[in-house]
Every structure is written in structure tokens, then in C-alpha cells.
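Hi there,

Here is the structure I promised to pass on. Please have it open while you read the notes underneath.

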Amino acid sequence: MTYRHGVYASQMPTSITPPRRVSASLPVVVGTAPVHLAKGGAGPVNKVTMAYTYAEAVELLGYSDAWEKYTLCEFIYSHFALFALAPIVFINVFDPAVHKADVAEGAATFADDEIKLDHGDLLGPVVVTSSDKSTTYVEDTDYEVDRIAGVIRRMATGSITAGDTINRAYTYADPSKVTAADIVGGVDSETGALTGLELVNEVFPKYRLVPGLIVAPGWSSASTVSAVMTAKAKTINGLFSCKAIIDIDDATVTRYSDAPEYKNQNNLTDPAQVVCWPRVKLGKKTFHMSTQLAGLMARVDADNEDIPYASPSNHNFQMDAMVANGNEVWLQPEQANYLNGNGIVTALNFIGGWKCWGNRTACYPANTDPKDSWISVSRMFTWVGNTLILSHWSRVDAPAKRRLIETIRDSAQMWLDGLVSRQFLLGARVEFQADENAVTDMMDGISRFHVYMTPPSPAREIDFIQEYDSAYFSTLFA
């Protein structure tokens, strides 16, 4: 050691570790987008893509009002335009190079200088030849094409005469060829590349954000998709967890009374699931309820410092009607409560406009454990767990001595005390207990901290007890 003579100063690590911020309701949305309409003509396919604004999402993924074909566009509009929340993580599985269809040569005649094709969303060149096929016309010289609408227009300066009959051949995007298997995804055996829902595991490594919600509007009603959504929500990167929001198929279940049977038959009974029925409308636009529920959860969280301690129930959706299979649905409070009592979230127009109605995860009523069955309580447990993992990851592989144990325990306790003082928790404590830390485990490098916590339960029932009291007749003689 170098010989020293004088006064010196040095620094040591802070004994208290500040917590990492975890986005409680970051939505990871899996579905289809018109990426052939994206800027540059080619958007991401089976890639994790994050956007903070409506314009950015449209630039990256394209946009179409044909939401039944392009389900991610529904979420783009709802989350950015209606709920004004960001960011969103998208996983698009529609591949224009694969999910397409060719239309062979066929005759068509110009009427008012236009030919309306049977399909829009055209890909690549539209080949136009004369009726005898002796002449191949040139696009933007003899004709122009509206690829979105699927319209060929004759150019007056070109060589096609008015009212001509021509032959045309083209290729169009066909998202109907996307299947539930594409949404589920998997791992490429040759390249190891992930696809579909498997890409949820790439969100944190790529963006350092933990998924809060997994949504697949238009697809989650398929049992194979909902099962994988649930599996991913329960274990992300082997560490984190979140909630999967799942729609009951309103084309199959058109009456509220049939929803619980459908829920049970399709194994929608897990604490990681939030199940909803039916769809909601705003003007002429129809939304899967999972889309708006994700936005509402995020809005309620944003109103509470991005802490998911409050239920989305009894907060307003962005809607003016509720529909099942295209038909309006009106639920009375007792009917909506019947769904709630079976672990299904719905909408109710009773006092204060159209509101989300329901506090329970899908495990209810079979599982009544508060940490599992309440949406808000369950999300708080998930959020606290995710935050503790991130906040103390830097301590992994440090020497497991007394100072480390005290630093972890005291840091976690101070953070939880802050949540208690702001009433996000009713109470919480962290203990390092001897009976939970066997010597053999500690020899193997395992330390266990026991976190006791109580998030507030939603006030789902408020009762006023009224009684006639004849003693107040005495006020007549005062």
C-alpha cells in the first residue's frame, strides 16, 4: 500500500437503495397492423415496437380504420386519441410478404374513368394490359392506382381511351390469413428468433420497461391465445408478472347470463386474468372492451402517481353504447352484478354515464383470496414485487453479510413506509426471519425477505342502516 501522510477523503456506497420506477400499466399489445402502409412502405413484423404518440405509431405501423382486419389500429386510436396515454408496446404479426393473395388477370371496364377492384390494400404493382393483351400500360402515365381503396383511374393524358375494357392483375394484403397460431408465436428452430406472444420477453431487455398489461384485442377470445397470454403474464423473463386482459367472444355469447358458463368452459379462471364482456361503442367505432379497459386502468394509475392501488371500476369508459354481436346491450345493476359475482368485468350506464363495472379477477368466485381476487389488490402485489426485483437487482452476488441484509431490509421498508404514509397501502413491513432462512439455503447463497402488506380493498358495497326512532318526538315539546 502506498505510504500516505496528510488528510484524505473517500466515499462508500449509500446504505439505502432508492427504488426503481416501474410503469404499472404499460400495455403490450399483440395483433395485426397494416405495416405496408407504414413510412417507407415496410413496418416491423414480429418485432417489439414502442411508440409514445399517435403520429409515431402510425409512422411505424401504418393505420387503417378496418379494425376487424388490423386490430392494433383499434388500440392506437383508443389509447392515444381517447385516453391520451403513452407509451404502448406493439407486436405486429401481420407479414405482407406472407399474408397476401394474388388476383389473376381478368377483364374490367372503365366507368367514369374508374375501375373499382374487388379488394383494397394492394401490394406491389397493378398490371394493366389492353383487352387483347398486346399492350402493357404504364402506371402513373396511362393510369393511377389508389392502393388503399383498390381503385384504378384512367389518366386523360395516357393511351387508355374512355370506356375501354382492360385486363388487370394484382396482389392484395390478406390479414384474414393470420391465425391464432401466429399470435401465439414461438421460437424459430433455425434462427432462435421469437415471434408473437413470445416476444413479450424482449420488452424489458430492449426498453427497460416492465410490461403491466398484455392485450390482444380480437384474438384473446381464442382459448389458445388466452392461455399463452396468461402464461406470459404470470412469468416474464422468469422474474416479472402482470395482468392479461381477455375478451369473452361476444359473437358466441350474446346474452349476459351465458357469459359465466363460457368463462368456465374456456378455463378463464386464473388470478392473472381480467375477463370482460361484451364490446363498447363510441359513435360509429366499436371497441373490444379489453382495449378500453387497458386505457382506463392506465388512466386511473396515472391519476394515482402511476401506482395501481385503485380499481378501474366505477370510472368512465369512452363509450356511448354497449354491443354484443352488433346488437345493443343494456344491463340493469343486478345483471351487471351477476357478471361481477362471476369474475367478469362489464360496463354499466346507471349514475354518471357509462362506467366500467367490476373489481374481480377471473379466479373469482372459486378463489376468494384478496391478493388474487381483487384486481387492484392483485396488481399492487404484482407491482410491489416487480419494483423490489428491479430496485435490489444490483445487490445480487454481493457478499451476503449482515450489512447487505440490513441494507436490503431497511431500503425496502423505507419505500413501503412511503406508500403507507400516502395511503397506497394500509400497512407494510419487511422481515428477515430465521425460520425462513435455513443455514443450508444461506450456504447456497439464498436469502429470503418476508414482505407483509395490505393494499386497501375496493369499497364494493356501502350499506346505510335506517331505523325509525320515536324518541325524536320529544323535539315537539322542547
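Below is what turned up, starting with one strand and its neighbours.

Please keep in mind that this is a predicted model.

Let's begin with strand β14 (residues 273-276). Its side chains go two ways: Q273 and V275 point to one side, V274 and C276 to the other, and all of them are buried. That fits the general pattern, as side chains in a regular strand alternate between the two faces of the sheet.

β14 has partners to show you as well. It runs parallel to strand β13 (residues 243-247), joined by 4 bridges, and I245 has V274 as its bridge partner. Strand β19 (residues 344-349) also pairs with β14 in the parallel sense, over 2 bridges; here V275 stands opposite I344. Between β13 and β14 comes helix α6 (residues 259-265), and the three make a right-handed β-α-β unit.

Next, helix α5 (residues 223-234). With 12 residues at 1.5 Å a residue, α5 should span 16 Å, and the 17 Å between its end C-alpha atoms agrees with that. Its buried residues are V225, S226, V228, M229, T230, K232 and A233. Among the elements that cover them are α3 (180-184), β12 (213-215), β13 and β14.

Last, a helix pair. Helix α1 (residues 54-61) and helix α2 (residues 71-82) pack with their axes 9 Å apart and at an angle of about 160 degrees. Angles over 145 degrees count as roughly antiparallel, so that is how α1 and α2 lie to each other. Where they meet, α1 brings Y54, A57 and L61, while α2 brings I76, Y77, F80 and A81.

Happy browsing, and best wishes!

Notes: Residues numbered from 1 in each chain as written. Predicted model: local features only at pLDDT ≥ 70, side-chain atom pairs only at ≥ 80, totals over all residues. Heavy atoms only, no water. Buried < 20%, exposed > 50% of the residue type's maximum accessible area, 1.4 Å probe, protein only. Pairing = 2+ DSSP bridges. Right-handed = clockwise from strand over helix to strand, strands pointing away. Expected span 1.5 Å × (residues − 1). Contact = heavy atoms within 4.5 Å. Axes fitted to C-alpha atoms, helices over the stretch in contact; angles between N-to-C directions. Parallel < 35°, antiparallel > 145°, perpendicular 65-115°, else oblique.
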